[in-house]
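The following exercises concern the meeting of two protein chains. Please study the sequence and the structure before reading each solution.

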Amino acid sequence: MWIYEKKLEYPVKVDSCNPTLAAMILEQFGGPDGELSAGIRYLTQRWTMPTNQAKAILTDIGTEELVP
Amino acid sequence: MDIMHREQCLRKIQELEFAVIELNLYLDTHPTHQQALMDYNKLTQELMNAKIMYERQFGPLTNFGYAPSQYPWQWIESPWPWENEHTCKEDMSCGSMKRN
């Protein structure tokens, strides 16, 4: 099961409002071929991996991709 | 100033966590690399200590039983990670400025 850390992975400084850019970034993450899509695939395909290394890698990268 | 201090403590955690995540991923495919494993354990210890120090002063970073809370329930408190001076409403309910 997953635990949520109430912090960002990296510090972020936002100084201007750019809705067009924001929409593009969100599309990159949640749209077709986005990180979210890939992350869900990793997390569901790890169950059929033949080696422990593969199970671990898919679990860990899937976890990293999951939280925006 | 309190906000700077909180950000500094958080930055240390972010740095340690980045290193730990990378070592974790490396070890997933190189489980017998002794030096990497030693580094991972050393940084993990540092990270755990840094988090405990941070939480003692600024409240929990995790919930669902992973960290304790003072009274009243701290988990709900601002700032949430996506809040900053731009997203703060007029009533200051996102309390970046709230602590002490």
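A charge sits over a ring if NZ of Lys or CZ of Arg is within 6 Å of the ring centre and within 35 degrees of the ring normal. The model examined here is predicted.

**Exercise 1.** Determine over which ring faces A:Lys6 lies.

Solution. Begin with B:Trp80: A:Lys6 lies over the face of this residue, at 4.2 Å from the ring centre. Turn next to B:Trp75, where A:Lys6 again lies over the face, at 5.2 Å from the ring centre.

**Exercise 2.** Classify the ring pair of B:Trp75 and B:Trp80, and place it among the aromatic pairs of the model.

Solution. Over all chains, the rule gives 5 aromatic pairs. In the pair of B:Trp75 and B:Trp80, the centres are 5.6 Å apart and the angle between the planes is 80°. Planes over 60 degrees apart count as edge-to-face, therefore this pair is edge-to-face. Ring pairs also link B:Trp75 and B:Trp80 with A:Tyr4 and B:Trp82 into a cluster. As to accessibility, B:Trp75 and B:Trp80 are both buried.

**Exercise 3.** Describe the interface of chain A and chain B by its residues, area and polar links.

Solution. First, count the residues: chain A contributes 18 to the contact and chain B contributes 29. Second, state the area: about 2,000 Å² is buried between the chains, and carbon and sulfur atoms give 60% of it. Third, list the links: the interface has 7 residue pairs in polar contact and 2 salt bridges. One of these joins A:Glu5 to B:Lys51, with the closest N and O atoms 3.0 Å apart. Finally, the side of chain A that touches chain B comprises 10 nonpolar, 1 polar and 7 charged residues.

Conventions. Residues are numbered from 1 along each chain as its sequence is written. Chains are lettered from A and ligands numbered from 1 in the order in which they are written. This is a predicted model: local features need pLDDT of at least 70, side-chain atom pairs count only at pLDDT 80 or more; totals for chains, interfaces and linings use all residues. Side-chain values use heavy atoms; hydrogens and water are left out. Contact means heavy atoms within 4.5 Å. Buried area is the accessible area (1.4 Å probe) that two parts lose on being put together, summed over both. A salt bridge is a side-chain nitrogen of Lys or Arg within 4 Å of a carboxyl oxygen of Asp or Glu. A polar contact is a pair of N or O atoms within 3.5 Å; within protein, one must be able to donate a hydrogen and the other to accept it, and residues adjacent in sequence count only if both atoms are side-chain atoms. Ala, Val, Leu, Ile, Met, Phe, Trp, Tyr, Cys and Pro count as nonpolar, Asp, Glu, Lys and Arg as charged, and the others, Gly among them, as polar. Rings of Phe, Tyr and Trp (its six-membered ring) pair if their centres lie within 6.5 Å; planes under 30 degrees apart count as stacked, over 60 as edge-to-face and the rest as tilted. Buried means under 20% relative accessible area, exposed over 50%, partly exposed in between (1.4 Å probe, protein chains only).
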